[in-house]
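Student: I'd like to go through this model and ask how each label is earned. Can you set the values against the cut-offs for me?

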Amino acid sequence: MTAVMLAEWTKLRTIRSTVWTLALTFLISVGLAAASGFSVRNAYESGNAAMVRPDFDPVYSGFVGLLYGQLALITFGALLVTSEFGTGTMRATLAAVPRRGLAYGSKLLVGCGAALVVAVATVLVSWPVNQAGLGPYGTSMAAPGVPRALAGAAVYLTLIYLFSAGVAAILRSTALTLGILIPLFFIVGPVLSRIPGVSAVARYLPDQAGQRLMDTEDPLPALLALIAWTAAAVGAGYASVRSRDV
């Protein structure tokens, strides 16, 4: 397994698209976090507080950049799996590693390690940057519930990578994977969460559960929902890799 994981690590770090998507996760999240913090501060100090949401929460404000930066991480998960199917190099991979479960698991684990490192770095930089932009309207890392919310954000980003990789293994197409996941995260979830009678169910969709995971309230129900989605996607991806022709 060590040899297979080293091979997967070589693929990951030598393919520019996967490296760039990880870098963009960090850059987009930090950049938008800074812009959001300064924007809210400017609204308060210029007497335009009405432009700020009435339910503004400085803790959650620090995660606004992540909600858009995750797009790059979703793309990373999709590319890591589908690139070999698209180019046909998956045949060479499976010829070298006939045990498909080992090949699939190693690819996901190596990507998970990279996603976790980027997620932790992104959270630990973007959140303080946002609070610096907020200035007197922000809060500190020592505030009650903040460390738990920061940990929840890092876990969310890592699980979203695994979820995306699992869906990519099922669909085997970058365009199709992103064509489903991007609307799910940026259209379906936000819209359903605002419809009375449906919002109670929509809160267990992956993106909505992730947002609650970054809250200072009890994160356990959201975490369990996100783990269930991730496990289902990864398991279905494994079944697809094991049973379908390349």
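Student: What makes the side chains of N130 and S61 a polar contact?

Tutor: Keep in mind that this is a predicted model. The side chains of N130 and S61 are joined at 3.2 Å, and a polar contact needs N or O atoms within 3.5 Å, one able to donate a hydrogen and the other to accept it. So the N130–S61 pair earns the name.

Student: Which backbone oxygen lies 2.9 Å from a polar atom of the N130 side chain?

Tutor: That of A33. N130 itself is in helix α6, residues 100-134.

Student: Why is N130 called buried?

Tutor: Its relative accessibility is 0%, and buried means under 20%, so N130 counts as buried.

Student: Which residues is N130 in contact with, leaving aside neighbours within four places in sequence?

Tutor: A33, S36, G37, P58, S61 and G62. A33 and S61 are thus on this list as well as in the distances we just discussed, A33 through its backbone oxygen and S61 through its side chain.

Student: On to the rings. How many aromatic pairs does a search of the whole structure find?

Tutor: Seven.

Student: Why is the pair of Y44 and F56 called edge-to-face?

Tutor: Two values decide it. The ring centres are 6.3 Å apart, and a pair needs them within 6.5 Å. The planes are at 65°, and edge-to-face means over 60 degrees, so the label holds for Y44 and F56.

Student: What does that pair tie together?

Tutor: Y44 is in helix α2 (residues 16-45) and F56 is in the loop between α2 and α3 (58-61), so the pair connects parts twelve residues apart in sequence.

Student: Are Y44 and F56 buried or exposed?

Tutor: They fall in between. Y44 has 28% relative accessibility and F56 has 23%. Buried is under 20% and exposed is over 50%, so Y44 is partly exposed, and so is F56.

Student: What makes F163 and W229 edge-to-face?

Tutor: Their planes are at 90°, against a cut-off of over 60 degrees. Centre to centre, F163 and W229 are 6.2 Å apart, which passes the 6.5 Å limit for a pair.

Student: Which helices hold F163 and W229?

Tutor: F163 is in α7 (residues 146-171) and W229 is in α11 (residues 220-243). With their positions 66 residues apart, the pair links distant parts of the chain.

Student: How do you know that F163 is buried and W229 partly exposed?

Tutor: F163 has a relative accessible area of 6%, under the 20% limit, so it is buried. W229 comes out at 35%, between 20% and 50%, so partly exposed is the right term for W229.

Student: Which residues form one aromatic cluster with Y137?

Tutor: Y44 and F56, the edge-to-face pair from before.

Student: How do you know that the charged end of R212 sits over the ring of Y204?

Tutor: The distance from the ring centre is 5.1 Å, and the limit is 6 Å, with an added condition of lying within 35 degrees of the ring normal. R203 also lies over the face of Y204, at 5.7 Å from the ring centre.

Student: What does A225 touch, not counting residues up to four places away?

Tutor: Y204 and A209. A225 is in helix α11.

Student: Why does A225 count as buried?

Tutor: It has 12% relative accessibility, and the limit is under 20%, so buried it is.

Student: How do α6 and α7 pack?

Tutor: At an angle of about 145°, with axes 9 Å apart. Their crossing is right-handed. Among the residues making the contact are C112, A115, L116 and A119 of α6 and T158 of α7.

Student: Is T158 buried or exposed?

Tutor: Buried: its relative accessible area is 8%, set against a limit of under 20%. The T158 side chain also has a polar atom 2.9 Å from the backbone oxygen of A154.

Student: Last one: what makes M1 exposed?

Tutor: M1 has 52% relative accessibility, and exposed means over 50%, so M1 counts as exposed. Even so, M1 is in contact with L102, S106 and L109, leaving aside neighbours within four places in sequence.

Definitions and conventions. Residues are numbered from 1 along each chain as its sequence is written. This is a predicted model: local features need pLDDT of at least 70, side-chain atom pairs count only at pLDDT 80 or more; totals for chains, interfaces and linings use all residues. Side-chain values use heavy atoms; hydrogens and water are left out. Rings of Phe, Tyr and Trp (its six-membered ring) pair if their centres lie within 6.5 Å; planes under 30 degrees apart count as stacked, over 60 as edge-to-face and the rest as tilted. Helices (H or I, at least four residues) and strands (E, at least two) are DSSP runs, numbered from the N terminus. Buried means under 20% relative accessible area, exposed over 50%, partly exposed in between (1.4 Å probe, protein chains only). Contact means heavy atoms within 4.5 Å. Axes are lines fitted to C-alpha atoms, for helices over the stretch in contact, and angles run from 0 to 180 degrees between N-to-C directions. A crossing is left-handed if the near helix is turned anticlockwise from the far one by less than a right angle, and right-handed if clockwise.
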